[in-house]
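Okay, thanks everyone for squeezing me in. I'd like to walk you through the ligand site and the pockets on this one, so have a look at the picture first.

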Amino acid sequence: MLIGITGTPGTGKTSVTKLLEKDYMYQVIHLNELIKEEKLYSEVDTERDCVVADMDMVYNRVLELQDISYPVTIIDSHLSHHIADIVIVLRTSPAKLKERLEKRKYSVEKVRENLEAEALDIILAEAVDWCEKVFELDTTEGNVERTVKDIGKIIMGIRMGDTNELENRYRPGTVDWSEFFGD
Ligand code: ADP
Ligand code: MN
């Protein structure tokens with residue numbers, strides 16, 4: 001079973017999946033690293049300091065790497081909702097996300113771009129359009145362990161085929177960053 005952990009950069013995908021991969025149940029693919037290591041991209045965007053992934057190549061490579069001896073393969077990437085049908089979208093309030101991104105070597109422009117994407121629910125909206133099941137999880141407060149626990153519960157529910165209550169609790173649209181724009 002393929003499950004994506006997606007969300008704007010800084011929402012916590014890599015931190016939580018680094019913990020999840022210690023569990024024998026989960027194979028984790030850190031997709032952004034794989035894309036760079038194996039050059040699974042079609043273009044290098046020097047202006048925006050990023051690469052444009054070739055999603056056909058990426059998808060085929062993920063299927064090759066998927067090890068079915070694990071009950072669950074988790075994909076860590078802001079692109080994982082392009083690939084998986086079941087995704088968990090991590091969300092962080094723009095104010096908190098700003099703090100996290102400013103600690104990175106991101107340019108002012110790149111920070112601004114990501115804050116705007118988060119405030120406008122871009123990844124959530126794409127996930128809802130493209131995926132079968134979408135869970136939205138707020139990572140503004142709490143800590144990585146707390147988020148890992150919540151994700152563990154969601155994945156357990158999916159494996160048991162019992163997601164009604166979880167789909168309600170983590171329903172897309174539960175978080176709302178509209179106050180970020182002021183009035
Ligand atoms: P991403 O991979 O989505 O870009 P990272 O995991 O690299 O995000 O960074 C997220 C940062 O936010 C980490 O420094 C992490 O410790 C911090 N953080 C704080 N609270 C949480 C939380 N509840 N869940 C996940 N990460 C959190
Ligand atoms: Mn990451």
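Let's start with a contact. In the side chain of K13, an N or O atom is 2.8 Å from an oxygen atom of ligand 1. One thing to keep in mind as we go: this is a predicted model.

Next to K13 in your notes, put G12. Here the backbone does the job: one of its N or O atoms lies 3.0 Å from an oxygen atom of ligand 1. Then there's T147, where a polar side-chain atom lies 2.9 Å from a nitrogen atom of ligand 1.

How much of ligand 1 does the protein cover? On its own the ligand has 580 Å² of accessible area, and the protein covers 75% of that.

So who's in the shell? There are 17 residues surrounding ligand 1, and the closest are G10, K13, T14, S15 and R104. Sorted by class, that shell is 10 polar, 4 charged and 3 nonpolar residues.

And which elements give two or more residues to this shell? Those would be α1, residues 13-20, and α7, residues 144-160. The largest share is from α1, with 4 residues.

Now let's zoom out to the pockets. Ligand 1 sits in the largest pocket, and about 1400 Å³ of space lies in there. The lining runs to 44 residues, and the ones nearest the centre of the pocket are P9, N32, H78, Y106 and N114.

If you're colouring by element, here's who supplies at least two lining residues each: α1, α2 (31-37), β4 (50-53), α5 (108-119), α6 (122-130) and α7. You'll recognise α1 and α7 from the ligand shell. By class, the lining of this pocket comes out as 17 polar, 14 nonpolar and 13 charged residues.

Last stop, the second largest pocket, with about 230 Å³ of space. What is its lining like by class? It has 8 charged residues, plus 1 polar and 1 nonpolar. Going along the chain, the lining residues are E47, R48, D49, R104, K105, Y106, S107, E109, K110 and E113.

Two names there should ring a bell. R104 is among the closest residues to ligand 1, and Y106 is one of those nearest the centre of the largest pocket; both R104 and Y106 also line the second largest pocket.

That's my tour, so over to you for questions.

Note on methods:
Residues are numbered from 1 along each chain as its sequence is written. Chains are lettered from A and ligands numbered from 1 in the order in which they are written. This is a predicted model: local features need pLDDT of at least 70, side-chain atom pairs count only at pLDDT 80 or more; totals for chains, interfaces and linings use all residues. Side-chain values use heavy atoms; hydrogens and water are left out. A residue is near a molecule or strand if one of its heavy atoms lies within 4 Å of it. A polar contact is a pair of N or O atoms within 3.5 Å; within protein, one must be able to donate a hydrogen and the other to accept it, and residues adjacent in sequence count only if both atoms are side-chain atoms. Accessible areas come from the Shrake-Rupley method with a 1.4 Å probe; for residues, only the protein chains shown count as cover. On a 1 Å grid over the protein atoms alone, a cavity is a set of points where a 1.4 Å probe fits but cannot get out, and a pocket is an open set with protein on both sides within 12 Å along at least five of seven lines; lining residues have an atom within 4 Å of a point. A molecule sits in a cavity or pocket if more than half of its atoms lie within 2 Å of its grid points. Ala, Val, Leu, Ile, Met, Phe, Trp, Tyr, Cys and Pro count as nonpolar, Asp, Glu, Lys and Arg as charged, and the others, Gly among them, as polar. Grid points are joined across faces, edges and corners, and a volume is the space filled by probe spheres set on the points.
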